[in-house]
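Good morning. I will take a few minutes to walk through one model, starting with how its chains meet and ending with some details of the backbone.

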There are 2 protein chains.
Amino acid sequence: MATIRDVAKRAGVSVATVSRVLNQNGYVNEETERRVRQAMKELNYKPNEVARALFKKTSKTVGLIVPDITNPFFPELVRAVEDVMNIYDYTVILCNSDEKVEKEREYIEVLKQKYVDGVILTTNQLAPEEVEEWDVPIVVLDRPLHERYPSVVADNYEGARLATRHLYEVGCRRIAHIQGPNHVVNAMERFRGYQDEMRALGLGDRQLVIQGNYQLKQAKEAVMAALAEHDMDGIFAGNDAMAVGALKAVQQCGLRVPDDIAIIGYDGIPLTEMTTPELSTVSQPIYEMGAMAARILIKQIEGKPLEKLHYQLPVQLMVRQSTSRRKTT
Amino acid sequence: MATIRDVAKRAGVSVATVSRVLNQNGYVNEETERRVRQAMKELNYKPNEVARALFKKTSKTVGLIVPDITNPFFPELVRAVEDVMNIYDYTVILCNSDEKVEKEREYIEVLKQKYVDGVILTTNQLAPEEVEEWDVPIVVLDRPLHERYPSVVADNYEGARLATRHLYEVGCRRIAHIQGPNHVVNAMERFRGYQDEMRALGLGDRQLVIQGNYQLKQAKEAVMAALAEHDMDGIFAGNDAMAVGALKAVQQCGLRVPDDIAIIGYDGIPLTEMTTPELSTVSQPIYEMGAMAARILIKQIEGKPLEKLHYQLPVQLMVRQSTSRRKTT
DNA sequence: TGTCTATGTGTAACCGGTTACACATAGTAT
DNA sequence: ATACTATGTGTAACCGGTTACACATAGACA
């Protein structure tokens, strides 16, 4: 690979001049610039980003820490981040934390050593104090961390109320909620939305909460068990995977969806359109969330002011077959 | 951040000595080493990977180019690569190429400028000649590129024969194949497997090929159209997404799966266990493929010899509800 | 006693860029 | 004519590591 000195020699100028041409700063004579560009082309010169990073303390690279890319919620998010970063000539280092603080810390350490310009973080685990001393710009995605850090989340509370009300409106009166893990903030917000809406609908004392962990299998079993003991005609699952679990459980018990039990999920991952019946869900603007987080991070990196620190995006009720039945109200 | 010079000063030694301690090479007195380590701890010193990369021309970073992380085949693959790389202290830059040569080329260029130590490539588009001059170690994943480059693929041909034979064995005689895109090598191999097996079964003249593009929607429509014109009792889809499309089309036409038409997919993505009925499929060892590609890349980077250049992993027939019917043979 | 080798440490060049500073020239305002 | 400014270019230090080389010391061996 040719270096800047090779180019300088060939063009008969100093490295400083080549650097000026490269970075479009300082004064360079038109004719000189022409010669330099010619030399670059002839040598197929590409500046060494590592050398540049060393001096500038910036690497045109960002870190993206997600719990697990294998979780169907994240690929679209990751894709969005990558797309936006790509436009601005940033490169994305992907990290899977499995929600473990330890791994998160390690990754942050490595990312700092590699001079990443910023980090997008999806976590529940990290205590805000820990983040205090990282001098890298951070944007928190999907799950809020602390006031101080810019965040992009969807409106979990409203979404949950929307879903619960929707079940009510298609005639459900005994509406169960499959709750996500306790340590996950968005799961708790959705749970709160369910509770408040149930009360608002005058069904406060008919609440039925099934404990889930955001996984299909566990949800399926929990719903099987719940079906044996309780009467229900609607299920609001804390995420789509659990909604599929519920769907399977209900069908396996010989009940029909939506006629006997209506089901609605949460997230709006592609999977919801692939089941039979197709799943109603509360759709989060996943791509938009990722893209926005990326744009905010870039603004931070470039030192531009943010209009807002916390962005909450609206969610959308997607009515599909799993809740489409004659209203019995 | 403390630098190596800070550490040297604090420990009362030269930077060379600190570097020796850091890299465990050269002679260092035990007592000196103790002092240096002490100083490192006190200053919370972490070596700057960028400076190191500049001198060593290696960055403990690899590039991973996939067509689209949003395609459900890839998250698990990516996860596997990341897991293995993490063990060996490498970091992964994720790139989505959308199968476009242009994007692939750009990414490779950027990756080289960032001194990545190697690249794992999933592509059909790139001509082997283009790769010729890249001096970075490359491993080709899922789709073979050229003899010269190490590759990890699953046995598409055998898998396709397996799937076709399985449909035959559960009683199907008019077996259709939904073919993947023409430019994708593995789609062609699966197609070939279907053809050969059909002939071997004495059904050579009963072949029915439906053109798909690996997408659910398009496959669904193509199958709808095909159902109107042709008689069939089994469908072997070139991938799982198209199998779901077929499933939907068949159900929408009022036919039963598997009783009227049995369906089998290909890939073994998690989705296949989420449909009703659950989809039979030919399962590729996706995680293992990713992990193996990662291990091979590391061997290459470290200059260790490879036992083999081309690895072909076996696939596994997963019989589920969508092909479970009484045999009519 | 002289030579050789193993051990231990420091100096400074190097990786490939960026940029502060010095210096030169030409044009312009006074 | 003088001073000042805008333009144009080069030298060398710097970013934070690594390592070739020089040098010093001590013990072993002839």
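What follows is a look at the interface, then at a few unusual backbone positions.

First, a caution: this is a predicted model.

Let me begin with the interface. How many residues does each chain bring to the contact? Chain A brings 45 residues, and chain B brings 45 residues. As background, the accessible area lost when parts come together is often used to give the size of an interface. Here chain B and chain A bury about 4100 Å² between them, and 54% of that area is on carbon and sulfur atoms. On the side of chain B, which three residues supply more of the buried area than any other three? They are Arg79(B), Gln113(B) and Met274(B), with 17% of the area that chain B buries against chain A.

Now the polar side of the interface. The rule finds six salt bridges between chain B and chain A. One of them pairs Asp68(A) with Arg79(B), and the closest N and O atoms are 2.9 Å apart. Arg79(B) is thus a name we have met already, among the three residues listed for buried area. There are also 30 residue pairs in polar contact across the interface, both residues at pLDDT 80 or more.

Where on chain B does this surface come from? At least two residues each are supplied by helix H4 (49–56), helix H5 (74–87), strand S2 (91–96), helix H6 (101–113) and helix H11 (240–252). Sorted by type, the residues of chain B that touch chain A are 20 nonpolar, 11 polar and 14 charged.

On to the backbone. In general, most peptide bonds are trans, and most residues other than glycine have a negative phi. Some positions in this model depart from that.

Take the cis bonds. In chain A, Thr276(A) and Pro277(A) are joined by a cis peptide bond with omega about -5°. Pro277(A) sits in the loop between strand S9 (262–267) and strand S10 (280–283) of chain A. In chain B, the bond from Thr276(B) to Pro277(B) is cis too, with omega near -10°, and Pro277(B) lies in the loop between strands S9 (262–267) and S10 (280–283) of that chain.

Then positive phi. Asn44(B), not a glycine, has a phi of about 50°, and is placed in the loop between helix H3 (30–43) and H4 of chain B. Glu99(B) has a positive phi near 60° and is found in the loop between S2 and H6 of chain B. Is Glu99(B) buried, partly exposed or exposed? Its relative accessibility is 22%, so Glu99(B) counts as partly exposed; the cut-off for buried is under 20%.

That is all from me.

Technical notes: Residues are numbered from 1 along each chain as its sequence is written. Chains are lettered from A and ligands numbered from 1 in the order in which they are written. This is a predicted model: local features need pLDDT of at least 70, side-chain atom pairs count only at pLDDT 80 or more; totals for chains, interfaces and linings use all residues. Side-chain values use heavy atoms; hydrogens and water are left out. Contact means heavy atoms within 4.5 Å. Buried area is the accessible area (1.4 Å probe) that two parts lose on being put together, summed over both. A salt bridge is a side-chain nitrogen of Lys or Arg within 4 Å of a carboxyl oxygen of Asp or Glu. A polar contact is a pair of N or O atoms within 3.5 Å; within protein, one must be able to donate a hydrogen and the other to accept it, and residues adjacent in sequence count only if both atoms are side-chain atoms. Helices (H or I, at least four residues) and strands (E, at least two) are DSSP runs, numbered from the N terminus. Ala, Val, Leu, Ile, Met, Phe, Trp, Tyr, Cys and Pro count as nonpolar, Asp, Glu, Lys and Arg as charged, and the others, Gly among them, as polar. Buried means under 20% relative accessible area, exposed over 50%, partly exposed in between (1.4 Å probe, protein chains only).
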